[in-house]
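Dear colleague,

I am handing over the structure we spoke about, and I would be grateful if you could look through it with the notes that follow beside you.

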Amino acid sequence: MSRVCVIGAGLGGLALAIRLQARGIACTLIEAQDRPGGWARGFEAEGFTFDTGPAALGEPALWRELWSDAGRELGDDVELLPIAPLCRFHWPDGAQFDLVADDAALLPEIARIAPGDLAGYEDFASYTAEVQAEGFRHRLAAGAGWRPMAAAIPGLLRLQAFRSLHGRVSGFVRSERLRQVLASSPLVTGGNPFTVSAIAAAAHRREREVGLWYPRGGFSALTRAMAELFEALGGELRLGDAVRRIHLLGNRVSAVECASGWHQRVEALAIAADLMHAYRDLLDGQAPGPAVAQGLARRRWSPSVFTVHFALAGSWPGLAHRTLMFGPRFKALLDDIFGFGVLPRDAMIWLSHPSVTDPSLAPPGKSVFQAVMPVAHLGHLPIDWAAVGPRIAARILDEIGRRFIPDIHDRILFCRSATPRDHAATLNLWQGSAYGLEPLPAAALWLQPATRDARLGNLFRVGAGIRPGAGIAAVLTSASLAARQLGSELGG
Ligand SMILES: Cc1cc2nc3c(=O)[nH]c(=O)nc-3n(C[C@H](O)[C@H](O)[C@H](O)COP(=O)(O)OP(=O)(O)OC[C@H]3O[C@@H](n4cnc5c(N)ncnc54)[C@H](O)[C@@H]3O)c2cc1C
């Protein structure tokens, strides 16, 4: 029997597979790893539950909609816990700033670090509302299709939203620290605040409006619930069996073949894995695979990450769920990471501390953490990570110790790090790029690859490398759009 296959059970592949199955389209979801989730798969060790990527999700309505379209209530399967503050920003001299939803708490916080910028912030907040109204709404509603985006262009031009986010923020506030805070949101999804367009300012507003959330039990519990929902709808989940080859017949995909030898004829196929891997490796030698891969190789790819997962004896109720630890340099550091491809001595570190939101992740009196340090991808920085990795892990822990937990090394109960090479090998990521193609100035939205291949009529694409881009909400949006397109292609 022919069916639809989806390659890759990250958040994008899982969301698409659920939507297809809910439409009555028989679907097989194929995942190379032995557990679903991709970057969000997490792991358990020595009584602790760790996340392996995202630390927070926004746009909870997208999750409720996914579940209700599958005939269930999200709340029956997944509990979303609010994160507060939304993010803490911390500088090497000990200064910090809490981004919170409530104006009554936020404005005094701004007055504290940037007393002269209160009026400028309020203008920026109004600006984000306008950008959202003009652009972000279209992006979420339509997955940034040409027509709704074209309709948004005049308004975005009027708002100068095609200037860089940092440049636009700097027009509103003078404090360098507040500029860093307000321009940092694209970093979560691999964007450089100095090149991403100011359309990204809408994220600041959305976070404050709808909050950030954490799934109880960690992201692994969320991805497990997605996999169970998919299987309950009758879907087939193949874990631990990487796709090795996509077979074509003329200008259509005819079958997929896995490492185990398992193969399946398909009516349609969706790629929810790294785009370069799919076109270069899985379509190797078959048009349009090599030509698309060549085009992708010329594009700018997002940075990679070095990650450290660790568990500590002790509890830190005052250490936020998510802290962005700035280094002593901001623009110059980002230039090193995004442009020059050097491994600087200073660093920017995302520290997540999910057990402060969900204590069930660790036994009583213990805590779990994830530290994520953005680094240049392997194309820019092809160093011997196996040799360098332990030194970087120690440096990250030292810096967390220096700022927050002085006896950190005596408290470590578990520690595991992963280098860009590890991530590249585990998830088949081109150059270890953690977030797919880098969002570029005006290209951020509609020049990203579309959810449908232009030449192969029954090939669809979702996930971080696909319009509207990386980030959980964006990935769910591409899945929703691809499910509609695939459904109308198959009459489902
Ligand atoms: C460190 C980090 C932190 C982040 N934090 C946040 C955050 O806090 N909030 C937020 O909104 N976003 C965050 N993001 C972004 C977000 O997590 C990702 O954009 C999203 O999870 C990507 O999902 P995906 O399904 O597109 O890809 P992936 O998660 O990469 O999944 C792709 C899947 O395809 C599988 N695969 C690859 N090749 C094959 C093959 N040949 N056969 C079968 N399977 C294959 C892989 O094993 C993988 O499971 C973060 C990203 C990173 C890297």
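A polar contact is taken here as a pair of N or O atoms within 3.5 Å. By that cut-off, a polar backbone atom of Gly38 makes such a contact with the ligand, lying 3.4 Å from one of the ligand's oxygen atoms. Please keep in mind throughout that this is a predicted model.

Two further contacts involve the ligand: a backbone N or O atom of Leu11 is 3.2 Å from an oxygen atom of the ligand, and an N or O atom in the side chain of Asn428 is 2.9 Å from a nitrogen atom of the ligand. Of the 1,000 Å² of accessible area that the ligand has on its own, 95% is covered by the protein. The ligand is surrounded by 33 residues, the closest being Gly12, Glu31, Trp39, His277 and Ala464, and the shell divides into 21 nonpolar residues, 11 polar ones and one charged. At least two residues of this shell come from each of the helices α1 (11–22) and α17 (472–490).

As for the chain, the domain assignment gives domain 1 (3–32 + 240–298 + 442–490) and domain 2 (102–210), with 31 Å between their C-alpha centres.

I also looked at His353, which is found in the loop between β15 (349–352) and β16 (366–375). His353 counts as buried because its relative accessible area is 2%, under the 20% cut-off. Its side chain reaches the backbone oxygen of Leu319 at 2.8 Å, and, leaving aside neighbours within four places in sequence, the residues in contact with His353 include Trp316, His321 and Phe369.

With best wishes

Note on methods
Residues numbered from 1 in each chain as written. Predicted model: local features only at pLDDT ≥ 70, side-chain atom pairs only at ≥ 80, totals over all residues. Heavy atoms only, no water. Near = heavy atom within 4 Å. Polar contact = N/O pair within 3.5 Å; in protein donor to acceptor, adjacent residues only side chain to side chain. Areas by Shrake-Rupley, 256 points an atom, 1.4 Å probe, with all protein chains shown as cover. Helix = DSSP H or I, 4+ residues; strand = E, 2+ residues; numbered from the N terminus. Nonpolar A, V, L, I, M, F, W, Y, C, P; charged D, E, K, R; others polar. Domains from an automatic or database assignment. Buried < 20%, exposed > 50% of the residue type's maximum accessible area, 1.4 Å probe, protein only. Contact = heavy atoms within 4.5 Å.
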